[in-house]
Amino acid sequence: YHGFSVEFAEYRQYMQGDNIKNLDWKVFGKTDRYYMKVYEEETNLKATILVDKSGSMGFSSENGGVDKLTYAGLLAASLAYLMIGQQDAVGLSLFDDQIRELTPHRSVRKHLFYLLAALDRAEPGARTRISPALHEIAERVKRRGLVVLISDLMDDPEEVLMGLKHFRHRKHEVLVFHILDPREMDLDYRDEVEFRDLENGTRVRVEPAFIKKEYSERVNEWIRRLDRGCKEHQIDYNQLTTTTPFDQALMAFLNKRDRMG
């Protein structure tokens, strides 16, 4: 902490045991009720977690397995728990082709339950349009802080990078968790498979053995473009699969936090 400067956050009703120094006597004079001023530390981190809930995030290659949205939700919940535990203010945005839910930044312990409830309600939604959501949120988040994007990034890489660069232009630190199912990486299916697009319903039957090599090359090039673009703009890019242990993902965040001081 560099000091004790604080910013006003909200009012709440007085509860027995509260420190009376934060009572608002002007409000008491007008309402004859006791209300407390709640403040947030300006010296703490302001973190914004962005979770992609588009249709493609509902994919899982295993029956009963963890889909990408569930994995993203668990990762977001873990990050929020860690950050609020160290009194950082955390905000959450859920989006698909537009922003569907926006939870404001708060650092108080009870705020964690609002974040968890929002993540628990999340269901795969409409088509993926990452860039417009990123641009809109970048305009809304005025104070410099940390932005964490959790998504499968199933969109035009250049458009995604333009949205991320908007945050960097506003001096935010940016951390990206690129979540994929293992089969999206290797197309490791033995027999003929019918694939259905989870966002527009298109179906196609293929023999994976015939296209596996070219498919892998294209996926790897797509990932390289994203990784390279992030590095060019000092964005932390972390590629994960839904089988990646959480400690690896969380260590990426903790290392980033350590570098930020």
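Two strands count as paired here if DSSP finds at least two bridges between them. Keep that in mind for the close-ups below, which come from a predicted model.

**View 1. Strand E7 pairs with E6 in the parallel sense.** Here we look at E7, residues 173–180, beside E6, residues 146–151. The two strands pair over 6 bridges. To get your bearings, find Val147, which sits opposite Val174 of E7. Between the two strands, the chain goes by way of helix H5 (residues 157–169), and this β-α-β crossover is right-handed.

**View 2. E7 also pairs with strand E10.** E10 covers residues 236–241, runs parallel to E7 and is joined to it by 6 bridges. A handy landmark is Leu175, whose bridge partner in E10 is Asp236. As for E7 itself, it's mostly covered, with 7 of its 8 residues buried.

**View 3. Phe28 and Tyr34 make a stacked pair.** Searching the whole structure turns up 5 aromatic pairs. In the one shown here, the rings of Phe28 and Tyr34 lie 4.7 Å apart, centre to centre, with 10 degrees between their planes. Since stacked means planes under 30 degrees apart, the label fits this pair. Phe28 has a relative accessible area of 24%, so it is partly exposed. Tyr34 is partly exposed too, at 39%. Pull Trp25 into the frame as well: ring pairs link Trp25, Phe28 and Tyr34 into a cluster.

**View 4. Tyr189 and Phe195 meet edge-to-face.** This aromatic pair has its ring centres 5.6 Å apart and its planes at 80 degrees. Are these rings buried, exposed or partly exposed? Tyr189 is partly exposed, with a relative accessible area of 22%, and Phe195 is partly exposed at 24%.

**View 5. Leu153 has a positive phi.** Leu153 isn't a glycine, yet its phi is about 55 degrees. You'll find Leu153 in the loop between E6 and H5. The cut-off for buried is under 20% relative accessible area, so Leu153, at 2%, counts as buried.

**View 6. Leu187 has a positive phi as well.** Here the value is near 50 degrees, again in a residue other than glycine. Leu187 belongs to the loop between helix H6 (182–186) and strand E8 (193–196). With 5% relative accessibility, Leu187 counts as buried.

Key. Residues are numbered from 1 along each chain as its sequence is written. This is a predicted model: local features need pLDDT of at least 70, side-chain atom pairs count only at pLDDT 80 or more; totals for chains, interfaces and linings use all residues. Side-chain values use heavy atoms; hydrogens and water are left out. Buried means under 20% relative accessible area, exposed over 50%, partly exposed in between (1.4 Å probe, protein chains only). Helices (H or I, at least four residues) and strands (E, at least two) are DSSP runs, numbered from the N terminus. A crossover is right-handed if, with the strands pointing away from the viewer, the path from the first strand over the helix to the second runs clockwise. Rings of Phe, Tyr and Trp (its six-membered ring) pair if their centres lie within 6.5 Å; planes under 30 degrees apart count as stacked, over 60 as edge-to-face and the rest as tilted.
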